[in-house]
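Could you walk me through this structure in the viewer, one selection at a time? I would like to know what to pick next and what I will find there.

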Amino acid sequence: MMDFLLLTHPLNFILMWVLAFGIGFFISRKFKLGWRLFWIGAATFILSQIGHIPFNAGLTQLFAQGILPAPPKAWQLPFNAVVLGLSAGLWEELTRYAVYRWWAKEARSWRKGLMLGAGHGGIEAVIVGFMVLLTLVNMLALREMDLSTSLTGEQLALTQQEVSRYWGAAWFEPLIGALERAFTIPAQIAFSILVLQVFTRKQSRWLWFAVLWHAVIDAGAVYLIAKFGVYVTEAAIGLSAVINIYLIWRLRQPEPEEPPEETALVPPPMTADQLDLQPVDENSVNLEDTRFSR
């Protein structure tokens with residue numbers, strides 16, 4: 001089993017990176033777009049997390065210290081799911097709106113929204129893949145170490161349990177991470193298209209629809225993973241991917257017409273009447289006057 005895991009663990013993060021850049025490459029070639037919007041989308045995700053991660057950490061501390069009242073124990077899981085879902089929806093979609101408004105001002109078409117969303121979801125896959133790679137490197141090192149020489153007591157037992165669980169997984173389980181990225185990249189593209197409607201349709205309600213839909217997907221994942229485990233959660237995320245692909249297709253709009261190239265206007269030739277030319281009698285005297293003297 002471990003021999004298979006030595007293949008599927010590296011394959012997991014490789015597939016994440018292939019998905020991230022493969023979708024961007026496909027959109028770029030299909031719609032003849034450069035990579036600028038892809039990298040703006042990537043920056044959008046990173047900018048959103050600069051606020052999102054500290055916000056969640058601060059919120060956790062406020063509940064832990066009793067500054068904010070915690071819900072009853074029976075309601076903690078659904079409460080946490082809703083709070084975490086809304087937090088993700090608000091931070092990421094408001095950041096996306098700001099980027100559309102003040103940075104990616106040229107992104108006002110469906111295909112450009114695709115590219116921006118692909119960058120947002122793509123860089124998320126790259127970061128998650130990098131974390132998977134770091135975990136693999138650490139677990140390879142821990143597998144070869146005698147942990148009892150550096151750890152004792154409860155810490156030793158927990159580390160041994162974690163190493164045993166990692167290398168004792170079914171051969172296909174590591175690939176669930178790549179499958180989840182395949183499901184979530186369409187979600188990020190769909191959110192990008194939804195927020196784009198604010199600018200193409202001039203209706204702000206599309207922003208709040210994106211926030212709500214993002215919150216529903218994330219809250220559902222938090223609740224289901226704790227309640228029913230990974231397989232039910234991935235099935236639900238897969239179903240949401242189908243809905244997101246439908247939303248992307250349904251919101252497709254004709255590309256805006258390019259402004260016509262400016263051409264120099266050449267006036268038509270003027271007639272004799274327009275030039276007000278007077279007829280000249282053709283006689284020997286007039287003909288002699290028009291000759292060039294030698």
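Start by selecting Glu124, Glu180 and Arg181, which are joined in a network of salt bridges. This is a predicted model, so please read each contact as part of a prediction. Zoom in on Glu180 and Arg181: their salt bridge has its closest N and O atoms 3.2 Å apart. Is Arg181 buried or exposed? With a relative accessibility of 8%, Arg181 counts as buried, while Glu180, at 23%, counts as partly exposed. The cut-off explains the two labels, because buried means under 20% relative accessible area.

Now zoom out for a moment. The structure as a whole contains six salt bridges, and two others make good stops.

Select Glu162 and Arg165 next. They form a salt bridge in which the closest N and O atoms are 2.8 Å apart. Both residues belong to helix α5 (residues 153-167), and because they are three residues apart there, about one helical turn separates them. Glu162 is partly exposed, at 36% relative accessibility.

For the other stop, pick Arg143 and Glu144. Their side chains come together in a salt bridge of 3.4 Å, N to O. Glu144 is exposed, with a relative accessible area of 61%, whereas Arg143 is partly exposed, at 28%. Keep Arg143 selected and add Trp167: Arg143 lies over the face of that ring, 4.9 Å from the ring centre. Arg143 therefore has two contacts to look at here, one with Glu144 and one with Trp167.

There is another charge over a ring to visit. Select Arg108 and Phe199, and you will see the charged end of Arg108 over the ring of Phe199, 4.4 Å from its centre.

Stay with Phe199 and move on to the aromatic rings. A search of the whole structure finds 14 aromatic pairs. One of them is a tilted pair made by Phe21 and Phe38, 6.0 Å centre to centre with 35° between the planes. Which helices does this pair link? Phe21 is in helix α1 (residues 2-31) and Phe38 in helix α2 (residues 36-64), so colouring both helices will help; the two residues are 17 apart in the chain. Phe38 is buried, with a relative accessible area of 1%, but Phe21 is partly exposed, at 34%.

Return to Phe199 and add Tyr97. Their ring centres are 5.4 Å apart and their planes meet at 25°, so this pair is stacked. Tyr97 lies in helix α3 (residues 76-102) and Phe199 in helix α6 (residues 175-200), so the pair ties together parts that are 102 residues apart in sequence. Both Tyr97 and Phe199 are buried.

Next, extend the earlier selection of Phe21 and Phe38 with Trp35 and Trp39. Ring pairs link these four residues into a cluster.

For the last stop, turn on the surface. Select Phe4, Trp171, Phe172, Ile225, Val230 and Tyr231, which make a nonpolar surface patch of about 600 Å². To find your bearings, look for Tyr231 in helix α8 (residues 230-250). Tyr231 counts as partly exposed, at 49% relative accessibility.

Conventions: Residues numbered from 1 in each chain as written. Predicted model: local features only at pLDDT ≥ 70, side-chain atom pairs only at ≥ 80, totals over all residues. Heavy atoms only, no water. Phe/Tyr/Trp six-rings, centres within 6.5 Å; stacked < 30°, edge-to-face > 60°. Helix = DSSP H or I, 4+ residues; strand = E, 2+ residues; numbered from the N terminus. Buried < 20%, exposed > 50% of the residue type's maximum accessible area, 1.4 Å probe, protein only. Lys NZ or Arg CZ within 6 Å of the ring centre and 35° of its normal. Salt bridge = Lys/Arg side-chain N within 4 Å of Asp/Glu carboxyl O. Patch = residues over 30% accessible without salt bridge, like charges linked within 9 Å, V, L, I, M, F, W, Y side chains within 5 Å. Areas by Shrake-Rupley, 256 points an atom, 1.4 Å probe, with all protein chains shown as cover.
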